[in-house]
Amino acid sequence: QVQLVESGGGLVQPGGSLRLSCAASGSIFGTNAMGWYRQGPGKQRELVATITRGGSTNYADSVKGRFTISRDNAKNTVYLQMSSLKPEDTAVYYCNLRDISWPQRYNYWGQGTQVTVSS
């Protein structure tokens, strides 16, 4: 079984920065992508950013130019550097690890970490 442990959430003022981390442990195999999703109050969970083992990235339009995703394959860890934060970025942020081959063999989620952007 795989576990995802997130850290780095908290309260930050508008315009501030935060860095989220997510470490995966367990039996991880195959071609995969790690990423971040978020769910704001009263909203559905949405994509924030993903990154493959090879370094290919994908961002939601709402965070392009403000957020940067990266990963350390040796540590099975993914990071999300968030800058120029806005109140609308307030959400629970979830780490995701999924097999990107077909058929998909696994899709794991972390427990979530709260990010609150408020003055």
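Guide: Let's begin with a word we will use often: buried means under 20% relative accessible area, exposed means over 50%, and partly exposed is anything in between (1.4 Å probe, protein chains only). You are looking at a predicted model, where local features need pLDDT of at least 70 and side-chain atom pairs count only at pLDDT 80 or more, while totals for chains, interfaces and linings use all residues. Residues are numbered from 1 along each chain as its sequence is written, and side-chain values use heavy atoms, leaving out hydrogens and water.

Visitor: Thanks! Along strand S11, which side chains point to one face and are buried?

Guide: A strand here is a DSSP run of E with at least two residues, and a helix is a run of H or I with at least four; both are numbered from the N terminus. In a regular strand the side chains alternate between the two faces of the sheet. Strand S11 covers residues 113–117, and Gln114 and Thr116 point to the face where side chains are not buried. Pointing to the other face, and buried, are Thr113, Val115 and Val117.

Visitor: In which sense do strand S2 and S11 pair?

Guide: Two strands count as paired if DSSP finds at least two bridges between them. Strand S2 (residues 10–12) reaches 3 bridges with S11, and Gly10 stands opposite Val115 there. The sense of the S2 and S11 pairing is parallel.

Visitor: Which residue in S11 is the bridge partner of Ala91?

Guide: S9 also pairs with S11, over 3 bridges, but in the antiparallel sense. In S11, Ala91 has as its bridge partner Val115.

Visitor: What is the strand order in the open sheet of 4 strands?

Guide: Strands of a sheet pair through backbone hydrogen bonds, either parallel or antiparallel. In this open sheet the pairing is antiparallel. Strand S1 (3–7) and S7 each have a single partner, so one side of each has no neighbour in the sheet and they stand at the edges. Read across, the order is S1-S3-S8-S7.

Visitor: How many bridges join S1 to S3?

Guide: One of the residue pairs to look for is Gln3 with its bridge partner in S3, Ser25. The two strands run antiparallel, and the number of bridges joining S1 to S3 is 5.

Visitor: Which residues form a disulfide?

Guide: A disulfide is a pair of cysteine sulfur atoms within 2.5 Å, and searching the whole structure gives 1. Its sulfur atoms are 2.0 Å apart, and the partners are Cys22 and Cys95.

Visitor: What is the handedness of the disulfide of Cys22 and Cys95? And how far apart in sequence are the parts that the pair ties together?

Guide: The torsion about the S-S bond is about -85°, so this disulfide is left-handed. Cys22 sits in strand S3 (residues 18–25) and Cys95 in strand S9 (residues 91–99), so the parts tied together have a sequence separation of 73 residues.

Visitor: Is Cys22 buried or exposed?

Guide: Its partner Cys95 has a relative accessible area of 0% and is buried. Cys22 is also at 0%, so Cys22 counts as buried.

Visitor: How many aromatic pairs does a search of the whole structure find?

Guide: Rings of Phe, Tyr and Trp (its six-membered ring) pair if their centres lie within 6.5 Å; planes under 30 degrees apart are stacked, over 60 edge-to-face, and the rest tilted. By that rule, the search finds a number of aromatic pairs equal to 3.

Visitor: Which kind of pair do the rings of Phe29 and Tyr106 make?

Guide: Phe29 is in the loop between S3 and strand S4 (32–39), and Tyr106 in the loop between S9 and strand S10 (107–109), 77 residues apart. Phe29 is partly exposed at 37%, whereas Tyr106 is buried at 7%. The ring centres are 5.1 Å apart with planes at 70°, so the pair is edge-to-face.

Visitor: Which residues do ring pairs link into a cluster?

Guide: Tyr106 also pairs with Tyr108 in a stacked arrangement, 5.6 Å centre to centre with 20° between the planes. Ring pairs thus give a cluster of Phe29, Tyr106 and Tyr108.

Visitor: Arg45 lies over the face of which residue?

Guide: A charge sits over a ring if NZ of Lys or CZ of Arg is within 6 Å of the ring centre and within 35 degrees of the ring normal. Arg19 does this with Tyr79, at 4.2 Å from the ring centre. For Arg45, at 3.8 Å from the ring centre, the residue is Tyr94.
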